[in-house]
Amino acid sequence: MLSRTLSPETKQLLTADNYSYLKKLMEETAVMELDDTILLIKYVCWENARASKEVLLDLLYYISTVNSGDMKPYLTCLLHVLLFVDSWQRKRIMLILKGGPDRDTLLDIIQRSKTHHQKRAYQCMKCLTNLLSANSVATEIFFQDPDNKSRWESIVDWLGIQLERRPGGFHNYNNSTGVWVSSNLSNETTGNEYYLERSNSAILLHQKAEALLSTDSSEEESDTSNITADTSVNNTSTDNTTNNTSNTSADISTATRDTSADSSVPFTSPQPQNSPETLDQSIVSSPEPLQ
């Protein structure tokens, strides 16, 4: 629908000079109409590997450098770019979750910021939690790396410790969670730059991040159960094969004795059967990587 409303001149402006105009839009994201900016970014990134890479790397740069009170628009853009579906979605997610040479991941920014810039770490953790909760492909890619799981566990523990250590300002008792929460402070707005507040949103985020670990553990247990079941089936098949072999040996012995009793009946070995033809597997080429 967007392609029908943009003039050829506007399309050229968005993609010319190494996407400089689009980069300028992202630079001013904090003070612009966010919905329009997101729409333009998604339009340019649609089925476009080069634009996707440029946009993602720029967003990561701003997320790691701007003040924590100005991060939210960039994280919102990042989440929208990662969640819209085209043939490059998986590659975009991999770029953010796996990184590369001299490329930080969201997890790297969290690890680096959690000591001295806790609100930056918190907001990146919230974005990553929302991504993993909303997209099964992202969850699969993220937890394929055992190191990511252990780092995520340490980050979840860190958030829990910070929420216990720093109660915040004025408090109300939350009946649903059974804890005291800050009633007037946020971890996503300007104000205290460094330390987390015990807001209701932060408590819910901690619970959601913990649930991701439980989900991954359940999937691992399910995979283990399937492997065990397959092993049992294979063992049963092996036992059946052994029994059949024993029966065949007994039949051969009987046949040998019968042949010895009557030399006029020759003993001939069974002819081997032709093995079935193997089918060539089709080779599917993977899409060009984001480099």
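Over the ring of which residue does the charged end of Arg 92 sit? In this predicted model, the charged end of Arg 92 is placed over the ring of Phe 84, at 4.2 Å from the centre of that ring.

## Overall architecture

The protein chain contains eleven helices and two strands. Read from the N terminus, the elements follow the order α-α-α-α-α-α-α-α-α-α-β-β-α, with the two strands placed between the tenth helix and the last one.

Of the 291 residues in the protein chain, 35% are buried. Among contacts between residues at least 6 apart in sequence, 68% join residues that are at least 24 apart. The accessible surface of the protein chain amounts to about 17,700 Å², and carbon and sulfur atoms account for 51% of that surface.

## Phe 84 and its partners

Phe 84, the residue whose ring lies under the charged end of Arg 92, also takes part in one of the five aromatic pairs that a search of the whole structure finds. Its partner there is Trp 46, and the pair is stacked, with 6.0 Å from centre to centre and 25° between the planes. Because Trp 46 lies in the loop between α3 (34–45) and α4 (49–65), while Phe 84 lies in the loop between α5 (72–83) and α6 (89–98), the pair ties together parts that are 38 residues apart in sequence.

The two partners fall into separate burial classes: Trp 46 counts as partly exposed at 48% relative accessibility, whereas Phe 84 is buried, with a relative accessible area of 9%.

## The tyrosine cluster

A further aromatic pair is formed by Tyr 61 and Tyr 62, which meet edge-to-face, with 5.5 Å from centre to centre and 65° between the planes. Tyr 61 counts as exposed at 51% relative accessibility, while Tyr 62 is buried, with a relative accessible area of 13%. Together with Tyr 74, Tyr 61 and Tyr 62 form one aromatic cluster.

## The loop between α3 and α4

The loop that holds Trp 46 also contains Glu 47. The backbone of Glu 47 has a positive phi of about 50°, although Glu 47 is not a glycine. Glu 47 counts as partly exposed, at 37% relative accessibility.

## Helix α9 and its cap

Helix α9 spans residues 136–143, and its buried residues are Ala 138, Thr 139, Ile 141, Phe 142 and Phe 143. The N-terminal end of α9 is capped by Asn 135, which places a side-chain oxygen 3.0 Å from the backbone nitrogen of Val 137.

## Cysteines

A disulfide is a covalent bond between the sulfur atoms of two cysteines. How many disulfides does the count come to? The count comes to zero, when a disulfide is taken as a pair of cysteine sulfur atoms within 2.5 Å.

Cys 124 is accordingly in no disulfide, and the nearest cysteine sulfur to its own, that of Cys 127, is 7.2 Å away. Seen from the other side, the closest cysteine sulfur to that of Cys 127 belongs to Cys 124, and the distance of 7.2 Å is too far for a bond. Both residues are nonetheless buried: Cys 124 has a relative accessible area of 0%, and Cys 127 counts as buried at 6% relative accessibility.

Methods: Residues are numbered from 1 along each chain as its sequence is written. This is a predicted model: local features need pLDDT of at least 70, side-chain atom pairs count only at pLDDT 80 or more; totals for chains, interfaces and linings use all residues. Side-chain values use heavy atoms; hydrogens and water are left out. Helices (H or I, at least four residues) and strands (E, at least two) are DSSP runs, numbered from the N terminus. Buried means under 20% relative accessible area, exposed over 50%, partly exposed in between (1.4 Å probe, protein chains only). Contact means heavy atoms within 4.5 Å. Accessible areas come from the Shrake-Rupley method with a 1.4 Å probe; for residues, only the protein chains shown count as cover. A polar contact is a pair of N or O atoms within 3.5 Å; within protein, one must be able to donate a hydrogen and the other to accept it, and residues adjacent in sequence count only if both atoms are side-chain atoms. Rings of Phe, Tyr and Trp (its six-membered ring) pair if their centres lie within 6.5 Å; planes under 30 degrees apart count as stacked, over 60 as edge-to-face and the rest as tilted. A charge sits over a ring if NZ of Lys or CZ of Arg is within 6 Å of the ring centre and within 35 degrees of the ring normal.
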